[in-house]
Amino acid sequence: MTQQPVATSDKLDAAVLKVAGVVVLGAIMSILDVTVVSVALPTFQSEFGASYARVAWTMTGYTLALATVIPLSGWAADRFGTKRLYMVALALFTIGSALCATADTIGQLIGYRVLQGLGGGMLMPLGMTIMTRAAGPNRIGRLMAVLGIPMLLGPIGGPILGGWLIDTASWHWIFLINLPIGAVALVYALLALPKDNPEPSESFDFLGMLMLSPGLALFLYGVSSLPEAGTFADAEVWAPMLVGGMLVVGFVLYSFKPRHPLLDLRLFANRRLTVAAVTLFVFIVAFMGAGLLFPSYFLQVRGESTLAAGLLIAPQGIGAMITMPVAGILADRVPVGRTVPFALALIVLGFFAFTQVDPHTSYWLLCGSLFVMGLGMGGTMMPIMTSALKTLHAQEVARGSTLVNILQQIGGSVGAAVMSVILTNELNGSRPIPGVTDPSGKPITEAWLAITSQQQPDLTQQFPVEPSLIERGLDFAASSFATTFWVGFALVLATFIPVAFLPRRREPSHRLDDQQAEQFTTPVAIH
């Protein structure tokens, strides 16, 4: 591909900052959208009359779409050109956002979120490629600092913005807000991004993509159907799990055959990469899966507004913002095996408080715990990813980065699906209220009535019940959340096992050359 002129100065000049502005706009849009939706899940439940396991697919489908397009973006950038593809990604994301706001059913919303994810998944890796070409590999650190602004502010601002929009307008606006930003970003990209000439690239593994993505989606759909079906013997549970599992196993066996596979599993021969990848995967399943439930606890058990729930979980983002830059500096100087265990211990310390939640747990304790967890998260994720890629040879960096990023998104998808299924299954165990049914004739449980009455106080007038019943339902709901948090807590503890094998001594790293630097994929935002 035609190379753009690269400046030799270490400073970021006006031309580079102009290009960076386009990328930051796209990053803000995609990162905010991930975190904004996290506070909207209970709203989707009441709006569409769906279970938590069902509405969690607005996150699961999105992250699976991200995982699908991460490897596709590098091939497509060579094939069609980075500027053209970046604008297509912006358009897809913006159109997907508009469609999300028009959804009448939860199925439509999930489908539109997948479309949105197909665009959003390309924005960050393409943006990093564009910025690296504009400035050169010697200024990657400075560029990452620029990109780090939306990555750090997203977890803080997203839930607050989402809560405010839902409270003052409606849930539709968490998607509609992307339309003006997307329109400005498209015009800005058209005017500011340099033209590049596409050239034929290495072949893309379409067969691998057609096995991995549908396989994961089918398997997780089967898992998510379990609370409603009630048994693994139900065909809606075991059939998609079986077909999905066979596709994933087939993908693993097939991946060792092509010259350019979708995921280069041969890289797992590198022990350091394997240890870091396993650590990252287990950690993300636990932390990101349970993290989706934090705002839901404040909304459904404590009866807070969505804005208040967003403000209450903001300490986690603040904690991460404090330690992430420090962890980035330490990752170059201190072996991650010496720093990550301490960061993980902070997460364990903060997480434990959520395993003890009830309807009256102190907000000071919970917000303090979230802050401590954020401190730990900021010192965990980036160092592990750095460790995974640091000792790869230059020709392996692009493939290794793709592998780690896809595992990150798959871990988020698995975590969201599994934790939402556990919570839904726990809530389904609540006692039905004798003689009280919904319009469809389905018995109403104590937990359902208690949770719904938190957001709709007038509901108790429609169903005259004793106040003690509402309190009992809230106790049961809080216990269901606590049980789910115990699963996440156990998985975080399990992360200490692979962490014990992370390197504790400094090892030589392989410096990126110009060509490999531009292929490096920055970590995609997680929810």
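This tour moves through a predicted model from the whole chain to selected sites.

**The whole chain**

Begin with the protein chain displayed as a cartoon, in which the secondary structure comes to 24 helices and 2 strands. Colouring by accessibility is a useful second view: of the 527 residues in the protein chain, 57% are buried. With the surface switched on, the chain exposes about 21,300 Å², and carbon and sulfur atoms supply 65% of that area. Contacts within the chain may be considered next. Among those between residues at least 6 apart in sequence, 82% join residues at least 24 apart.

**Aromatic pairs**

Select the Phe, Tyr and Trp side chains; the structure holds 18 aromatic pairs. Centre the view on Phe44 and Trp171, whose ring centres are 5.6 Å apart and whose planes stand at 90 degrees, so this pair is edge-to-face. Phe44 belongs to helix α2 (residues 41–48), while Trp171 sits in the loop between α7 (140–168) and α8 (173–176); the pair therefore ties together parts that are 127 residues apart in sequence. Both Phe44 and Trp171 are buried, and a surface representation is best hidden at this stop.

Next, select Phe294, Tyr297, Phe298, Phe351, Phe352, Phe354, Tyr363, Phe481, Phe485, Trp486 and Phe489 together. Ring pairs link these residues into a cluster.

**The loop at His360**

Move to His360, in the loop between α16 (336–352) and α17 (363–378). Is this residue buried or exposed? Its relative accessible area is 57%, above the 50% cut-off, so His360 counts as exposed.

Show the neighbours as sticks. Leaving aside residues up to four places away in sequence, His360 touches Arg302 and Glu471. The side chains of His360 and Glu471 make a polar contact at 3.1 Å. Arg302 is 58 residues from His360 in sequence, yet the C-alpha atoms of the two are 7.7 Å apart in space.

**The salt bridge**

Side chains of opposite charge can pair when their charged atoms come close. How many salt bridges does the structure hold? The structure holds 1. To find it, select Asp264 and Arg266, whose side chains meet at 3.3 Å, N to O. The partners fall into separate accessibility classes: Asp264, at 4% relative accessibility, counts as buried, whereas Arg266, at 35%, counts as partly exposed.

**A nonpolar patch on the surface**

Restore the surface and select Leu153, Ile318, Met321 and Ile322, which make a nonpolar surface patch of about 320 Å². Which element gives the largest share of this patch? Helix α15 (residues 306–333) does, with 3 residues. Ile318 is found in this helix, and its relative accessibility of 35% places it in the partly exposed class.

**Strand β2**

Finish at Thr445, in strand β2 (residues 443–445). Thr445 has a relative accessible area of 17%, which is under the 20% cut-off, so it counts as buried. Display the surrounding side chains to see its contacts: not counting residues up to four places away in sequence, Thr445 touches Ser430, Arg431, Pro432 and Ile433.

Terms used: Residues numbered from 1 in each chain as written. Predicted model: local features only at pLDDT ≥ 70, side-chain atom pairs only at ≥ 80, totals over all residues. Heavy atoms only, no water. Helix = DSSP H or I, 4+ residues; strand = E, 2+ residues; numbered from the N terminus. Buried < 20%, exposed > 50% of the residue type's maximum accessible area, 1.4 Å probe, protein only. Contact = heavy atoms within 4.5 Å. Polar contact = N/O pair within 3.5 Å; in protein donor to acceptor, adjacent residues only side chain to side chain. Salt bridge = Lys/Arg side-chain N within 4 Å of Asp/Glu carboxyl O. Patch = residues over 30% accessible without salt bridge, like charges linked within 9 Å, V, L, I, M, F, W, Y side chains within 5 Å. Areas by Shrake-Rupley, 256 points an atom, 1.4 Å probe, with all protein chains shown as cover. Phe/Tyr/Trp six-rings, centres within 6.5 Å; stacked < 30°, edge-to-face > 60°.
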